[in-house]
2 protein chains.
Amino acid sequence: MKRKYDKAFENVIRLQVMSILMANERFDFNGFKEMMEVSDGNLSTHLRTLEKLEYIAVEKSFVGRKPQTNYWATTKGRLAFQEHLNYLENLIKEHKS
Amino acid sequence: MKRKYDKAFENVIRLQVMSILMANERFDFNGFKEMMEVSDGNLSTHLRTLEKLEYIAVEKSFVGRKPQTNYWATTKGRLAFQEHLNYLENLIKEHKS
DNA sequence: TAATTTTACTTTGTATTTCAAAGTACTTTA
DNA sequence: TAAAGTACTTTGAAATACAAAGTAAAATTA
């Protein structure tokens, strides 16, 4: 079980985004907005940060006549997140024993 | 079991400091330095941040003829940290079930 | 014993990050 | 067709991070 602290997940928004994308195959911008208390601009920049790291991928399309931006977690992202959770899990475990 | 995400613990150094102070009644500046890979200045500022939040307290004294700065976790700090760990624990649990 | 180095930190300044407000490019409603 | 809404992106000021430089005393070396 590999453990690795990842700075990318030091922010709650990015932590939550990744958490949601682990449980949901795909999620769109508005979906995130509803799940979290976050301004549009803030959400957008954090999504872009994760995208630049290739932890998530994006697809833009139109639903009806409205734009929709969909996100999903990449394998790289899933691995990194899991390793980060392993780090945290271990840290927590130390405080239980 | 109260859960609460705390920005104060978004940084690894502060996370580790707090973790060490949960397990050890007291710890000094050099002790932290040995435990972590961190520059003196960096460590100093993070300790001060935790101090300003009243999550840790400080006592300066001399051991022999050398100055020694000792730190310990306050009740407020212990509570905040525990609640933060609870938040993380819950997040991790969601990914196991 | 004077000069140099080390110790135990703190302060400073630059770089990076954060996030709300403003902006964009439409679509929908009145 | 004007005004309001939607689905984002960009911008800029403020906060944060951290290495380098600074400080003050102690220990070592010459």
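What turn and what shift lay chain B on chain A? A turn of 180° and a shift of 0.0 Å along the axis do so, with an RMSD of 0.1 Å.

This is a predicted model: local features need pLDDT of at least 70, side-chain atom pairs count only at pLDDT 80 or more, and totals for chains, interfaces and linings use all residues. Residues are numbered from 1 along each chain as its sequence is written, chains are lettered from A and ligands numbered from 1 in the order written, and side-chain values use heavy atoms, without hydrogens and water.

**View 1. The axis relating chains A and B.** The relation is that of a two-fold axis. Superposition is by least squares on C-alpha atoms of residues with pLDDT of at least 70 in both copies. In chain B, the C-alpha of Glu10(B) is nearest the axis, 2.5 Å from it. The copies meet through the same surface, because 100% of the interface residues of chain B are also interface residues in chain A.

**View 2. Helices H1(A) and H4(A).** H1 (residues 12-23) and H4 (residues 75-94) of chain A have axes that come within 11 Å and cross at roughly 115°. H1(A) is therefore roughly perpendicular to H4(A) (65 to 115 degrees). Helices are DSSP runs (H or I, at least four residues).

**View 3. Residues at the H1(A)–H4(A) contact.** Contact means heavy atoms within 4.5 Å. From H1(A), Leu15(A), Met18(A), Ser19(A), Leu21(A) and Met22(A) meet Gly77(A), Arg78(A), Phe81(A), Gln82(A) and His84(A) of H4(A). By class, the contact has five nonpolar, four polar and one charged residues.

Methods. Axes fitted to C-alpha atoms, helices over the stretch in contact; angles between N-to-C directions. Helix = DSSP H or I, 4+ residues; strand = E, 2+ residues; numbered from the N terminus. Parallel < 35°, antiparallel > 145°, perpendicular 65-115°, else oblique. Nonpolar A, V, L, I, M, F, W, Y, C, P; charged D, E, K, R; others polar.
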